[in-house]
Structure formats: C-alpha cells, structure tokens
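Please work through the following exercises with the sequence and the coordinates at hand. Each task is followed by a solution in steps.

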Amino acid sequence: MPERTIKIQIPKYHEAQKRVVDEAERFNVLECGRRFGKTTLGEQLVVRAALDGKPAAWFAPTFRTLAEQWRSLTEALKPVIAKSSQKEMQIKLTTGGIIDFWSLDDPDSGRGRRYKLIVVDEASIVRHMQQAWEHTIRPTLTDYKGSAWFLGTPKGRNYFHQLFVRGQNDSHKDWKSWRLYTIDNPYIDEQEIADAQRDLPPGVFNQEYRGIPDDDAGNPFGHAAIRACI
C-alpha cells in the first residue's frame with residue numbers, strides 16, 4: 001500500500017514577513033510594533049525547521065509567556081507529533097525534528113543543547129538577555145552553525161535594541177535587522193492604528209506601534225533633559 005502523506009497547514013507569510021525571511025542572515029532582529037505578526041513569524045520558522053528534521057528551540061521571558069506557544073504549536077503539529085511532554089516542554093516530530101521550549105527566567109536555560117534554529121520571543125523584556133545570549137544560547141548554535149531570531153517590541157534602548165543596531169551595521173556581516181510597523185500587518189485595521197495615534201503620547205505610540213524605542217523608557221529624566229544639562 002502507498003505510504004499515507006500527512007500535510008500540515010502552515011500559514012503563509014504576509015508580504016512584510018516574507019520580505020524579512022527573504023533578506024535574512026544568520027542572526028536576525030525584528031524590532032516591531034505591536035501586532036505586526038512577529039510571534040506568528042517565529043512559530044512558522046521553528047515549525048519549518050522541525051519539519052525538516054532539525055532541532056529548534058523557542059525561548060521566552062517567562063514560563064507564563066512560553067505556555068501559549070506550547071499550546072499553539074502542539075495543536076498545529078498534532079498530525080506529525082511522535083511524542084510530546086509538557087513536563088519537559090519538548091515536541092518530537094515523526095520527521096526526526098524537535099522543538100524545545102525554554103523560559104529565560106533562568107538565563108542558563110538550554111545550556112548544553114544543540115540547535116539548528118532558535119527564536120527568542122519578546123526579547124526586549126528578557127531580564128538577562130545579554131547573559132543568556134552570550135553564555136548560553138549562542139553556544140547551542142555551534143554544532144549546526146545554526147541561526148537565531150530575536151523578536152520584540154522595543155522597551156527603551158536596552159540590549160535587545162543594541163542587537164538591532166548591530167544588524168544595521170554592515171561590518172557585522174552575519175547580522176540583519178528590520179524595524180517594522182504595526183501597519184505593515186495587512187490584517188490590522190488602519191483606523192484602529194490612527195485612533196491609537198490620536199490617543200497616545202507620541203513616544204509611546206512610536207514605541208508600541210512603530211517599533212522606535214522611547215528615549216525616556218530607561219531613565220526618569222529623559223534624554224532631552226539630560227542633553228539640555230550638558
């Protein structure tokens with residue numbers, strides 16, 4: 001009898017997501033407005049890697065933020081799951097691929113593993129992002145020469161934003177970064193965004209809807225006030 005083919009319905013990238021994937025380098029940073037579709041993009045990336053038989057990992061700031069992606073991907077991949085364990089936060093597929101889920105409450109999460117692709121979701125609010133990346137996550141990519149994706153809406157000019165700046169610098173040839181607006185998601189109502197712009201302070205709107213870090217987010221005085229005193 002012919003072998004039965006099982007198909008997984010993976011959502012298509014919208015135009016801005018597809019541009020990001022087409023332009024991607026090894027290390028990629030998306031500094032996005034809210035509801036751009038960054039998390040959906042990240043899910044598609046780890047699913048495609050695992051369906052290709054590769055080990056992938058999803059990192060999130062806390063276990064609570066991790067749980068939603070665990071449920072979403074477990075449901076989406078149900079036809080090709082060979083084994084899943086919520087206790088171990090791991091999905092093994094019939095293709096041989098795996099997806100591990102790690103909370104970065106502990107910056108050592110994932111230490112000792114090997115991955116072809118990793119996604120750090122909500123990277124702007126990971127408390128020890130630099131420590132986690134440099135000491136734990138980056139070494140997990142060595143065996144496979146794997147790729148990394150940092151996804152988030154900025155929260156001031158912290159380490160996540162520094163990685164974005166690195167991706168804008170041509171001297172870092174393996175890095176690429178994009179700033180993408182909420183309005184770049186074709187499924188979001190433009191009038192809703194216009195209403196938010198009317199209701200919110202400019203710095204807040206720019207950060208939450210345009211992915212532009214608020215200068216004042218990291219200090220109580222504001223950069224303008226500090227510059228005026230110099």
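The exercises below concern a predicted model and proceed from the whole chain to the sheet, one of its strands and a pair of helices.

**Exercise 1. Overall composition**

Task: State how many helices and strands the protein chain has, and what share of its residues is buried.

Solution.
- Step 1. The secondary structure of the protein chain comprises 8 helices and 8 strands.
- Step 2. Of its 230 residues, 45% count as buried.
- Step 3. The exposed surface amounts to about 12900 Å², of which carbon and sulfur atoms supply 48%.
- Step 4. Taking contacts between residues at least 6 apart in sequence, 69% join residues at least 24 apart.

**Exercise 2. Order and edges of the sheet**

Task: Determine the strand order of the open sheet and identify its edge strands.

Solution.
- Step 1. The 8 strands follow the order β3-β4-β5-β2-β6-β7-β1-β8, and their pairing is mixed.
- Step 2. The edges are β3 (81–85) and β8 (175–180), each of which pairs on one side only.
- Step 3. Between neighbouring strands the average turn is 15 degrees, direction ignored.
- Step 4. At the β3 edge, β3 pairs with β4 (residues 90–93) in the antiparallel sense over 4 bridges; S85 has Q90 in β4 as its bridge partner.

**Exercise 3. The surroundings of β1**

Task: Describe the pairing of β1 and the burial of its residues.

Solution.
- Step 1. β1 pairs with β7 in the parallel sense over 5 bridges, and V29 stands opposite F150 of β7.
- Step 2. β1 also runs parallel to β8, to which 6 bridges join it; here the bridge partner of V29 is S177.
- Step 3. F27, V29 and E31 point one way from β1, whereas N28, L30 and C32 point the other way. Of the 6 residues of β1, 6 are buried.
- Step 4. Helix α1 (residues 15–23) lies across β1 (27–32), β7 (147–152) and β8, at about 170 degrees to β8.
- Step 5. Helix α4 (residues 129–140) lies across β1, β2, β6, β7 and β8, and runs at about 165 degrees to β6.

**Exercise 4. Packing of α6 and α7**

Task: Classify the mutual orientation of α6 and α7 and list the residues of their contact.

Solution.
- Step 1. α6 (residues 190–199) and α7 (residues 202–210) pack at about 150 degrees, with axes 8 Å apart.
- Step 2. Angles over 145 degrees count as roughly antiparallel; α6 and α7 are therefore roughly antiparallel to each other.
- Step 3. α6 contributes I193, A196 and Q197 to the contact, and α7 contributes F205, Y209 and R210.
- Step 4. By class, these residues comprise 4 nonpolar, 1 polar and 1 charged.

Methods. Residues are numbered from 1 along each chain as its sequence is written. This is a predicted model: local features need pLDDT of at least 70, side-chain atom pairs count only at pLDDT 80 or more; totals for chains, interfaces and linings use all residues. Side-chain values use heavy atoms; hydrogens and water are left out. Two strands pair if DSSP finds at least two bridges between them. Helices (H or I, at least four residues) and strands (E, at least two) are DSSP runs, numbered from the N terminus. Axes are lines fitted to C-alpha atoms, for helices over the stretch in contact, and angles run from 0 to 180 degrees between N-to-C directions. Contact means heavy atoms within 4.5 Å. Buried means under 20% relative accessible area, exposed over 50%, partly exposed in between (1.4 Å probe, protein chains only). Accessible areas come from the Shrake-Rupley method with a 1.4 Å probe; for residues, only the protein chains shown count as cover. Angles under 35 degrees count as roughly parallel, over 145 as roughly antiparallel, 65 to 115 as roughly perpendicular and the rest as oblique. Ala, Val, Leu, Ile, Met, Phe, Trp, Tyr, Cys and Pro count as nonpolar, Asp, Glu, Lys and Arg as charged, and the others, Gly among them, as polar.
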